[in-house]
Amino acid sequence: MHDLWFGAFLSPEAAGRDRLLRHVTLADRLGLDLIGVQDHPYQADFLDTWTLLSAVAQRTERIRLVPDVVNLPLRPPAVLARAAASLDLLSGGRVELGLGAGAFWDAIAAMGGRRLSPPESIEALAEAITVLRALWTPGEPVVFEGTHYRLGGARPGPFPAHPIGIWIGAIKRRMLELTGRMGDGWLPSSFYSPPEAVAAQVKVLDAAAADAGRDPAAIRKVYNIGGSFSPLPGPGFLDGPASLWAEQLTELVFEVGMTGFVLAPGPQAERDLRTFAEEVAPAVRAAVADQLGRPAPEPVERPVTIAELLDLDEEGRPHAPKQDPAALTPEQRRLGKHLVDVHDGYRQELRQVQDAVEEVAAGRLDAEELRSTINRLSVRQNHWTLATYCATFCRLLTVHHTVEDEAMFPAILERDSTLAPVIKKLEQEHEVIAELLTRLDEACVDLLRRGPAGLDGVRARVDRLAEVLSSHFAYEEEELVEPIARLGIQV
């Protein structure tokens with residue numbers, strides 16, 4: 001049996017790119033095995049999948065990267081072979097390749113792709129797999145004459161750092177048979193292939209593999225899944241507590257041979273990813289080991305996560321030598337002071353958030369008012385206003401830190417590389433603050449749902465954010481006000 005893999009299926013929406021990259025970092029730190037990214041090049045609101053995966057590779061250390069699945073009609077296989085091998089080399093052997101024959105043909109045609117019939121698209125996929133493997137294999141220049149793709153002496157290479165698996169997104173019989181004959185893996189989705197359909201599909205796939213002289217068990221089966229975490233079991237698949245999820249996924253391991261599960265998280269993505277990584281995945285691994293009579297797997301060693309740490313490590317902060325501020329001109333001092341002014345604005349905003357929390361907490365209503373529907377709505381409106389206020393502050397602070405990470409910090413390093421340790425530490429603290437902002441946002445959602453019962457959670461997270469921001473702002477001002485002034489950096 002293949003090792004069990006668990007992953008995150010993330011939507012590449014351009015407008016949500018900052019949150020997406022936070023989810024990427026979180027998935028890696030939680031010890032998940034895969035990040036799957038859908039590939040729809042005709043979708044104008046989506047980031048390009050290969051560009052995104054390159055950024056993901058740079059931000060992560062161990063998690064595997066999977067286009068889930070590549071839209072082959074818009075990705076010529078010879079170029080795709082180079083791209084996949086290149087990313088595999090740059091990421092240290094962390095790429096697997098999900099392939100699809102194509103769908104949404106009107107959109108494909110609008111992008112200049114060829115419109116193919118179902119039999120043609122399957123034939124083209126088989127040819128593409130041949131091209132990919134030929135260009136990943138050292139040897140003489142490749143000549144290939146297919147109906148859809150041709151190579152006229154293309155040189156193989158670059159060669160991947162590890163054997164890249166070709167996982168095929170297949171639903172219907174002919175695609176399943178192709179997967180059995182040629183695929184290294186099968187990549188269905190519960191949204192199109194629910195559990196009751198998967199068993200019949202696996203029989204087709206396994207029979208085709210056996211007919212081709214292959215071991216069906218050698219084909220990895222990875223399931224894209226979605227569901228809802230809730231305290232009580234619901235009527236649907238993956239609808240209930242983590243223990244129910246673990247039970248249902250374990251059944252799929254033994255009944256149909258699934259050895260990978262890639263979660264598309266819901267609106268509370270951070271919570272879903274943590275629950276999946278920290279509760280569901282270990283429970284499935286333990287249950288499978290128990291049924292196979294094997295020792296329980298050791299917990300995956302991973303770095304302490306931001307979610308667990310939530311600490312700035314103030315004692316470990318590096319410090320850079322400063323020049324005498326008396327040598328600065330008035331204009332230089334003005335540049336340096338602007339950073340303090342920006343921080344002061346956020347300090348004031350955060351105090352207003354804290355004041356708003358206390359005003360809601362101190363609200364008193366008499367018996368007559370409690371009976372009034374209007375006043376009950378007013379109380380809920382107070383909670384809505386507070387939650388909206390918190391969310392607005394979180395968004396503005398995130399924008400501020402993004403500007404620093406992408407503009408101010410590189411400008412400083414370009415002029416004075418000795419500040420690199422300080423800048424790296426400040427960027428790490430931005431990640432801690434981003435996690436605190438996410439947790440405050442979750443508490444605000446809980447406040448909207450539960451009313452006054454959720455207020456203590458908001459208060460605790462606002463207070464912790466205030467403590468961390470106070471320390472972070474003070475450190476940044478201590479280390480950067482003088483360099484900003486001396487180097488003429490516009491904040």
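**Figure 1. Packing of helices α6 and α7 in the predicted model.** In this predicted model, α6 and helix α7 (residues 195–211) pack with their axes 7 Å apart, at an angle of about 45°. An angle between 35 and 65 degrees falls outside the roughly parallel and roughly perpendicular ranges, and α6 and α7 are therefore oblique to each other. The crossing in which α6 passes α7 is right-handed. On the α6 side, the residues that meet α7 are Arg173, Leu176, Glu177, Thr179, Gly180 and Arg181. Their partners in α7 are Gln201, Val204, Leu205, Ala208 and Ala209. Sorted by class, the residues of this contact of α6 with α7 are five nonpolar, three polar and three charged.

**Figure 2. Crossing of helices α3 and α5.** Helix α3 (residues 77–90) and α5 have axes that come within 9 Å and cross at roughly 45°. The two helices, α3 and α5, are therefore oblique to each other. The crossing of α3 and α5 is right-handed. From α3, the contact takes Pro77, Ala78, Leu80, Ala81 and Arg82. From α5, the contact takes Ala128, Val131, Leu132 and Leu135. The contact of α3 with α5 has eight nonpolar residues and one charged residue, with no polar residues.

**Figure 3. Packing of helices α1 and α14.** Helix α1 (residues 17–29) packs with helix α14 (residues 420–450) at an angle of about 105°, and their axes are 12 Å apart. That angle makes α1 roughly perpendicular to α14. In α1, the residues in the contact are Arg19, Arg22, Thr25 and Arg29. These residues of α1 meet Glu431, Ala434, Thr438 and Asp441 in α14. The contact of α1 with α14 divides into five charged, two polar and one nonpolar residues.

**Figure 4. The second largest pocket.** The volume of the second largest pocket is about 1000 Å³. This pocket is lined by 32 residues, and the closest to its centre are Val69, Gly102, Ala103, Gly169 and Ile171. Three elements give two or more residues to the lining of the second largest pocket: β4 (70–71), α5 (118–135) and α6 (173–182). The lining of the second largest pocket has 17 nonpolar residues, 10 polar residues and five charged residues.

**Figure 5. The second largest cavity.** Rolling a probe the size of a water molecule over the atoms shows where empty space is left. A search of the whole structure finds two cavities of 30 Å³ or more. The second largest cavity has a volume of about 30 Å³. Its lining is made of Leu34, Ile35, Gly36, Val66, Asp68, Trp167, Leu187, Val222 and Val262. Strand β2 (residues 34–37) gives the most to the lining of the second largest cavity, with three residues. By class, the lining of the second largest cavity has seven nonpolar residues, one polar residue and one charged residue.

**Figure 6. The cis peptide bond between Asp68 and Val69.** Asp68 and Val69 are joined by a cis peptide bond, with omega at about 0°. Val69 is found in the loop between β3 (64–67) and β4. The two residues also appear in earlier views: Asp68 is one of the residues lining the second largest cavity, and Val69 is among the residues closest to the centre of the second largest pocket.

**Figure 7. The cis peptide bond between Gly157 and Pro158.** A cis peptide bond also joins Gly157 and Pro158, and its omega is about -10°. Pro158 is placed in the loop between β7 (150–154) and β8 (166–168).

**Figure 8. Phe104 and its backbone angle phi.** Phe104 has a phi near 55°, which is a positive value in a residue other than glycine. The loop that holds Phe104 runs between β5 (97–100) and α4 (105–110).

How values were computed
Residues numbered from 1 in each chain as written. Predicted model: local features only at pLDDT ≥ 70, side-chain atom pairs only at ≥ 80, totals over all residues. Heavy atoms only, no water. Axes fitted to C-alpha atoms, helices over the stretch in contact; angles between N-to-C directions. Helix = DSSP H or I, 4+ residues; strand = E, 2+ residues; numbered from the N terminus. Parallel < 35°, antiparallel > 145°, perpendicular 65-115°, else oblique. Contact = heavy atoms within 4.5 Å. Nonpolar A, V, L, I, M, F, W, Y, C, P; charged D, E, K, R; others polar. 1 Å grid on protein atoms, 1.4 Å probe; cavity = no way out; pocket = protein on both sides within 12 Å on 5 of 7 lines; lining within 4 Å. Points joined across faces, edges and corners; volume = space filled by probe spheres on them. Left-handed = near helix turned anticlockwise from the far one by under 90°.
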